[in-house]
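Work through the exercises below with the sequence and the model open. Try each task before reading its solution.

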Amino acid sequence: MRTVDMHCDTISALLRKRRAKEAAELRENNCHIDIQKMRKGDYLLQNFALFVNLGACGDPWREVQELLGLYEQEMLKNSDAIAPALSFADIERNRSKGRMSAVLTVEEGGVCGGDLEKLRTLYSQGVRMMALLWNYPNELGSPNLDGRRGEKLREAAKDQSSPAARQAVLDYLNTPNAEDGLTETGILFVQEMERLGMIVDVSHMSDAGFYDVLTHTRKPFVASHSNSREICPCARNLSDDMIRRLAERGGVMGLNFCADFLTQVLPGERNPGTVAAVVEHAKHIVCVGGIECLGLGSDFDGIDTHAELTGADRMGRLADALKRGGFSERELDKIFGGNVLRVYRELLK
């Protein structure tokens, strides 16, 4: 059983550290993911996201290009251990040479500014998956959680004597956007992504956008780091109907280790995260969508540290918990990599 993880923000974390004049290398660091931790976690493949925060970035295209440059540098420096994969054949080739694979993704379709030529440029630069949205509306569509509104509500909820303010945060977190779907440009983007061979990622996207992706695409797509809304009501998670539709299309969703997407607590309360909660989500997702639709999407280095799954070296702890939860070795092989590799075999030519 080898680990395949559909989402991490490690490249962005390394860039932040370097800008702060801290030592930051992919080989070894104090982030959730580095080469040494991945080896201990028996990794076959890691998707590395180029994450851009539109709310804190003056030039999103310049930012994504700087992140790309850092990614390329780290791939060169660590070529003995890991190599980029542009196709499924590359994954197999890297495996045969004893190297892990890196699949390059973008988290925030807004970096393209609605320009299809920039999308094509990203593909030529090695990007093989893109999340259309993060926490801000862009030229392609809208998210389920609008970051600017959330920041204002959380600031008001810091007053612990205001139950109404805390409830307003929960209402915000648990209310999906069923109105604002893909724009006309967004439709053109998902169709061009399918033509190119770039996987559409609907994590963070509004409910309306999810269903628009279903309508305007033909191939499997993914929710790279999203859990079950039935188990944790946060709108960042998928409803049961969305899980079924994703599964019917042949897509995969990745278990996210973010504690707030696993178990909901009141705003301001500590939420450390448990491996038992990850298992609960896994059981429900498989019950709804079948074993073929579930994979891993840790969100490492984009989330607070999970109390029990503290980094890439702890994946054995998750495997043991899933076994205790009743999953067979065959099912674990699918969750830890087989299902994602099936999608990559079909889409990454």
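**Exercise 1. Classify Ala-165: is it buried or exposed?**

Solution. The model is predicted, and the accessibilities used here are computed from it.
- Step 1. Take the relative accessibility of Ala-165, which is 14%.
- Step 2. Apply the cut-off: buried means under 20%. Ala-165 therefore counts as buried.
- Step 3. Place the residue. Ala-165 sits in helix H7.
- Step 4. Check a contact in sequence and space. Glu-155 is ten residues away from Ala-165 along the sequence, and their C-alpha atoms are 9.1 Å apart.

**Exercise 2. Describe helix H7 and find which of its residues are buried.**

Solution.
- Step 1. Get the length. H7 covers residues 163-174, twelve in number.
- Step 2. Get the span. From first C-alpha to last, H7 reaches 16 Å, close to the 16 Å expected at 1.5 Å a residue.
- Step 3. List the buried residues of H7: Ala-165, Arg-166, Val-169, Leu-170, Tyr-172 and Leu-173.
- Step 4. Explain the pattern. These residues cover an arc of only 160° around the axis, which puts them on the same side of H7. In general, an α-helix has 3.6 residues a turn, so residues three or four places apart point the same way.
- Step 5. Turn to the other face. Pro-163 and Ala-164 are exposed there, on the face of H7 turned away from its buried side.
- Step 6. Relate H7 to another helix. Asp-260 is found in helix H11, residues 259-262. The C-alpha atoms of Asp-260 and Val-169 are separated by 13 Å, with their positions 91 residues apart along the chain. At 43% relative accessibility, Asp-260 counts as partly exposed.

**Exercise 3. Judge the overall build: how many helices and strands are there, and how compact is the protein?**

Solution.
- Step 1. Count the elements. The protein has 14 helices and nine strands.
- Step 2. Compare the radius of gyration with the globule rule. The radius is 19 Å, close to the 20 Å that the rule gives for 349 residues, so the protein is as compact as a globular protein of that length.
- Step 3. Add the outer dimensions. Along the principal axes, the C-alpha atoms fill a box of roughly 60 × 50 × 45 Å.
- Step 4. Add burial. Of the 349 residues, 60% count as buried.

**Exercise 4. Locate the cavities and characterise what lines them.**

Solution. Rolling a probe the size of a water molecule over the atoms shows where empty space is left.
- Step 1. Count. The structure holds two cavities of 30 Å³ or more.
- Step 2. Size the largest cavity: about 70 Å³.
- Step 3. Name its lining: Met-193, Glu-194, Gly-197, Met-198, Ile-199, Val-200, Lys-219, Pro-220, Phe-221 and Leu-347.
- Step 4. Assign elements. Helix H8 (184-196) and strand E6 (199-201) each supply at least two of these residues.
- Step 5. Sort by class. Seven lining residues of the largest cavity are nonpolar, one is polar and two are charged.
- Step 6. Repeat for the second largest cavity. Its space is about 40 Å³. Its lining includes Asn-144, His-204, Arg-229 and Leu-238. By class, that lining has five nonpolar, four polar and three charged residues.
- Step 7. Follow one lining residue outwards. Pro-220 lines the largest cavity. Its C-alpha is 5.1 Å from that of Gly-250, which is 30 residues away along the chain. Gly-250 lies in the loop between helix H10 (240-248) and strand E8 (252-255). At 18% relative accessibility, Gly-250 counts as buried.

**Exercise 5. Compare the settings of two residues with positive phi, Lys-21 and Asp-301.**

Solution. Most residues other than glycine have a negative phi.
- Step 1. Read the angles. Phi of Lys-21 is near 65°. Phi of Asp-301 is about 70°.
- Step 2. Place them. Lys-21 is in the loop between helix H1 (10-19) and helix H2 (35-40). Asp-301 is in the loop between strand E9 (294-296) and helix H13 (315-324).
- Step 3. Check the surface. Lys-21 is exposed, with a relative accessible area of 77%. Asp-301 is buried, with a relative accessible area of 9%.

Note on methods: Residues numbered from 1 in each chain as written. Predicted model: local features only at pLDDT ≥ 70, side-chain atom pairs only at ≥ 80, totals over all residues. Heavy atoms only, no water. 1 Å grid on protein atoms, 1.4 Å probe; cavity = no way out; pocket = protein on both sides within 12 Å on 5 of 7 lines; lining within 4 Å. Points joined across faces, edges and corners; volume = space filled by probe spheres on them. Helix = DSSP H or I, 4+ residues; strand = E, 2+ residues; numbered from the N terminus. Nonpolar A, V, L, I, M, F, W, Y, C, P; charged D, E, K, R; others polar. Expected span 1.5 Å × (residues − 1). Buried < 20%, exposed > 50% of the residue type's maximum accessible area, 1.4 Å probe, protein only. Arc of directions from axis to C-beta. Rg over C-alpha atoms; globule rule 2.2 N^0.38 Å.
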